[in-house]
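Please open the structure in a viewer and follow the selections below in order. Each stop names what to select and then describes what is found there.

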Amino acid sequence: MNISPIATVHSCFGEKFGVPRQPLLADASRASIELLPPLDTADAVAGLEENTHIWVVFQFHQAAGQWSAKVRPPRLGGNKKLGVLATRSPFRPNNIGLSVVRLLEVRTAPRVELIVGGADLVDGTPVLDIKPYVPYADAIAAAHSAFADAAPAGVKVVIPDEILQQAAAYRDDWDTDLPRLIEQVLAQDPKPAYQQPDPERIYGMQLCGFNLRWRYPAAGQIEVVALQ
């Protein structure tokens, strides 16, 4: 089986740490999916703009070659093991991911690219396929997942005024609302679920080209300390 990427992701997430664990949890996130030859043509995306959401099939390229039959899902606190096929872990035999994202814009010049929102994709992610999201077939109202039946509760995020002002001044080609994105990403609590961090320990991630830094001053609370 020979599978080649059809597109490359350009994302606000510069590294895998801090990326929301499911799509659409940070709706303010933005990414561009740039089509590669021979699909870098307007013909390949004709009509796609008539859809509000798309499926993106991709490779967890930063997890390639790493997997085990049982994993520790963050949703279960990192303390309980489940079979890898019973989870959404990126550490899988074929490292294939599947995400539904909002399709914001289809651009055909100067290059063919899809601007998407709510993406949980790291910059540089290889895309294997793109399909329209079809509500009548893809949304199943009676579906149930025993340990992940609803989005996790968010933690409180405190952003000092000076950092809020700095973030609000940010501009890019995707109309990213950086203050909102920071709050949405950190509300998911990016640190490993099993960690009990020291209040003075500083965590960091690459977001929109910045080094976002934060700490945990109290249980259930995150304080942003720098946007460098």
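Begin by selecting strands S6 and S7, which form a hairpin with 5 residues between them. The model is a predicted one. S6 covers residues 96-107, and S7 covers residues 113-117. The two strands run antiparallel and are joined by 5 bridges. Within S7, Val116 has Leu103 standing opposite.

Next, keep S7 and add strand S2, residues 30-35. S2 and S7 pair in the antiparallel sense, again over 5 bridges. Here Ser32 is the residue opposite Ile115 of S7.

With S7 still selected, colour its residues by accessibility. How many of its residues are buried? The count is 5 of 5, so S7 is mostly covered. The burial extends to both faces: Glu113, Ile115 and Gly117 are buried on one side, and Leu114 and Val116 are buried on the other.

Now move to the open sheet of 4 strands, whose order is S9-S12-S11-S10 and whose pairing is mixed. S9 (156-158) and S10 stand at the edges with a single partner strand each, so each has one side without a neighbour in the sheet. On average, neighbouring strands of this sheet are turned by 30° against each other, direction ignored.

Select S9 together with S12. These strands run parallel and are joined by 3 bridges. Val158 stands opposite Glu223 in S12.

Add the helices next. H2 lies across S11 and S12 and runs at about 60° to S12. H3 packs on the sheet, where it touches S9, S10, S11 and S12, and its direction makes about 135° with that of S12.

Then display the largest nonpolar core, which has 28 residues. Which of its residues touch the most other members? They are Leu178, Leu181, Ile182, Leu207 and Leu212. The elements that give two or more residues to this core are H2 (161-168), H3 (178-187), S10 (203-207), S11 (210-218) and S12 (221-227). H3 supplies the largest share, 6 residues. In soluble globular proteins, nonpolar side chains tend to be buried together.

Centre the view on Leu212. Neighbours within four places in sequence set aside, Leu212 is in contact with Ile182, Leu186, Tyr203, Gly204, Met205, Leu207, Val224, Ala226 and Leu227. Apart from the largest core lies another core, of 20 residues. To conclude the tour, select Ala7, Val45, Val56 and Val112, which are among its members.

Key. Residues numbered from 1 in each chain as written. Predicted model: local features only at pLDDT ≥ 70, side-chain atom pairs only at ≥ 80, totals over all residues. Heavy atoms only, no water. Core = buried A, V, L, I, M, F, W, Y, C linked by side-chain atoms within 4.5 Å. Buried < 20%, exposed > 50% of the residue type's maximum accessible area, 1.4 Å probe, protein only. Contact = heavy atoms within 4.5 Å. Pairing = 2+ DSSP bridges. Axes fitted to C-alpha atoms, helices over the stretch in contact; angles between N-to-C directions.
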